[in-house]
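Reader: I would like a close look at a single part of this model. Please take one helix and set it in the context of the whole chain.

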Amino acid sequence: MSDTSFALPEGYRDLAWLGDWALPTERGRHGKRIATPLPEIQRVYDALLPRIEPMIAYLDQFPINDLPPAEANLMLLALVFVEVSPSVELLHSPTVPDGFEPSRFEVHF
């Protein structure tokens with residue numbers, strides 16, 4: 001996804017370079033994380049960490065099930081932060097060291 005096709009609200013457009021991470025499913029975001037080297041994950045984390053609380057406060061203005069397109073993309077970036085945080089803060093790896101093969105997990109809601 002190019003920077004120009006990934007719409008974000010005013011004040012967040014500098015994060016458009018993260019559009020390739022804004023995948024619509026948890027499985028997709030997880031797959032992206034485990035296929036990405038840790039330095040790139042760290043770069044994504046570093047870009048989102050100082051923005052996550054203002055992002056959440058901004059998104060709280062909108063109904064979660066009826067987000068405008070730019071705000072829906074911003075929500076996906078918040079979910080990207082959730083996905084990459086364990087790799088940086090806890091695991092120090094894209095995957096769980098000595099863990100099960102990620103494809104063996106299924107999440108049901």
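Author: What follows describes one helix, then the chain around it. The model is predicted. The part chosen is helix α2, which spans residues 38-48.

Which residues of α2 are buried? They are Ile41, Val44, Tyr45, Ala47 and Leu48; buried here stands for under 20% relative accessible area. These residues lie on the same side of α2, because they cover an arc of only 165° around the axis. What does that side meet? The buried residues of α2 pack against α1 (26-34), α3 (52-59) and α4 (69-91).

Now the chain as a whole. The chain contains 4 helices and 0 strands, and the order from the N terminus is α-α-α-α. Of the contacts with a separation of 6 or more, 67% join residues 24 or more positions apart. Of the 109 residues in the chain, 36% are buried.

As for overall dimensions, the radius of gyration is 14 Å, which agrees with the value near 13 Å that a compact globule of 109 residues would have. A box of roughly 40 × 30 × 25 Å, taken along the principal axes, is filled by the C-alpha atoms.

The surface remains. About 6800 Å² of the chain is exposed, and carbon and sulfur atoms supply 59% of that area. How many charged side chains are there of each sign? There are 8 positive and 16 negative side chains, and the centres of the two sets are 4 Å apart.

To return to the helix in question, α2 has its buried residues on the same side, and these pack against α1, α3 and α4.

How values were computed. Residues are numbered from 1 along each chain as its sequence is written. This is a predicted model: local features need pLDDT of at least 70, side-chain atom pairs count only at pLDDT 80 or more; totals for chains, interfaces and linings use all residues. Side-chain values use heavy atoms; hydrogens and water are left out. Helices (H or I, at least four residues) and strands (E, at least two) are DSSP runs, numbered from the N terminus. The radius of gyration is taken over C-alpha atoms; the globule rule is 2.2 Å times the number of residues to the power 0.38. Buried means under 20% relative accessible area, exposed over 50%, partly exposed in between (1.4 Å probe, protein chains only). Contact means heavy atoms within 4.5 Å. Accessible areas come from the Shrake-Rupley method with a 1.4 Å probe; for residues, only the protein chains shown count as cover. Lys and Arg count as positive and Asp and Glu as negative; His and the chain ends are not counted. The place of a charge is taken as NZ of Lys, CZ of Arg, CG of Asp or CD of Glu. The arc is that of the directions from the helix axis to the C-beta atoms.
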